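Dear colleague,

Please find below the structure that I am handing over to you, together with its sequence. My notes on it follow directly after.

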Amino acid sequence: MSDAAAVQSPWQTARIVRIEKRTPRVTSFLFQPSRSFAYRAGQHVDVRLTAPDGYQARRSYSIASAPESDGVIELAIEKLDDGEVSPFFHEVAAIGDEIELRGPLGGHFVWPEDENGPFVLVGGGSGVVPLMSMVRHRAAQNSSVPVVLVFSARIWDEVIFRDELIVRDERQDGFDLVLTLTREAARRPADYARRVDVAMMVQAMARLPEPPGIAFVCGSNAFVSAAAQALIDAGVAAGIIRTERYGV
């Protein structure tokens, strides 16, 4: 995010209107901004908390909801025990509370308006959040562009949006879900039980009718580096891979 982009996106208050538990460590908070908030699938917001003594803590969170969600913004927030912001949401925040947010931010890691697909989406852990916005946006637009989502999680119970993704996969409308668990056996016949690798990417892309036009990869630094390299080794041109990283 550039300084100019931040200046163009002033802070505003947003009220928590719903809270939904996603996994043992990830909870979705749905906000109603005080002002009109138009965004593109894949973008993120900055959240700011201010303590009584004036101390402020800021964090960036990807938007999980689709742009068509009637102005409500969903942030799926993972609890980090040593974090400054996530413990507040998980331990203190309640429906009706107001926080400050700024956005939308980011213009590179977004669903393209021309839909020059097919698309490959690759997410690790909470890196699936902006990809979920894209999946929901595709459905809301009744888009027929082929999409395969490769989603890596440690265990079955940590697959964020698991039930919704499986339902969307079962519709067989051009969206394919590939789950891989790194610390448990696969639960579905076509899924995997290992880290993302070249063979997995080759097999995932074989579900598409033609080579991808864009690949989106989101997750930790280590995950993104490994997944992007696996895509390249599988024959995807580096120039069409868009990445977004968090953490270390």
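How many nonpolar, polar and charged residues are there, by class, in the lining of the largest pocket? In this predicted model, the lining comprises 20 nonpolar, 20 polar and 10 charged residues. The pocket in question has a volume of about 1,500 Å³ and is lined by 50 residues. Those that lie nearest its centre are E78, S126, G127, S220 and Y246. Two or more lining residues come from each of the following elements: the strands β4 (56-62), β5 (73-78), β8 (147-153), β10 (214-220) and β11 (241-246), and the helices α3 (129-140) and α6 (221-233).

Several of these strands belong to one of two open sheets, which I describe in turn.

The antiparallel sheet

Six strands make up this open sheet, with antiparallel pairing and the order β4-β3-β6-β1-β2-β5. Its edges are formed by β4 and β5, each of which pairs on one side only. From one strand to the next, the twist averages 40 degrees.

At the β4 edge, strand β3 (residues 44-50) runs antiparallel to β4 and is joined to it by seven bridges. Within this pairing, H44 has S62 of β4 as its bridge partner, while V47 stands opposite R59. The two strands form a hairpin with five residues between them. In the turn, G54 has a positive phi of about 95 degrees.

The parallel sheet

The other open sheet consists of five strands in the order β9-β8-β7-β10-β11, and here the pairing is parallel. The edge strands are β9 (175-181) and β11, each pairing on one side only. The twist in this sheet averages 10 degrees from one strand to the next.

Helix α3, which also contributes to the pocket lining, packs on this sheet and touches β7, β8, β9, β10 and β11. The direction of α3 makes about 145 degrees with that of β7. A further helix, α5 (residues 198-205), lies across β7, β8 and β9 and runs at about 150 degrees to β8.

Within the sheet, strand β7 (residues 119-124) runs parallel to β10, and five bridges join the two. One residue to look up there is F119, whose bridge partner in β10 is I214.

In viewing the model, you may wish to begin with the pocket, since its lining draws on β4 and β5 as well as on β8, β10 and β11.

With kind regards

Technical notes
Residues numbered from 1 in each chain as written. Predicted model: local features only at pLDDT ≥ 70, side-chain atom pairs only at ≥ 80, totals over all residues. Heavy atoms only, no water. 1 Å grid on protein atoms, 1.4 Å probe; cavity = no way out; pocket = protein on both sides within 12 Å on 5 of 7 lines; lining within 4 Å. Points joined across faces, edges and corners; volume = space filled by probe spheres on them. Helix = DSSP H or I, 4+ residues; strand = E, 2+ residues; numbered from the N terminus. Nonpolar A, V, L, I, M, F, W, Y, C, P; charged D, E, K, R; others polar. Pairing = 2+ DSSP bridges. Axes fitted to C-alpha atoms, helices over the stretch in contact; angles between N-to-C directions. Contact = heavy atoms within 4.5 Å.
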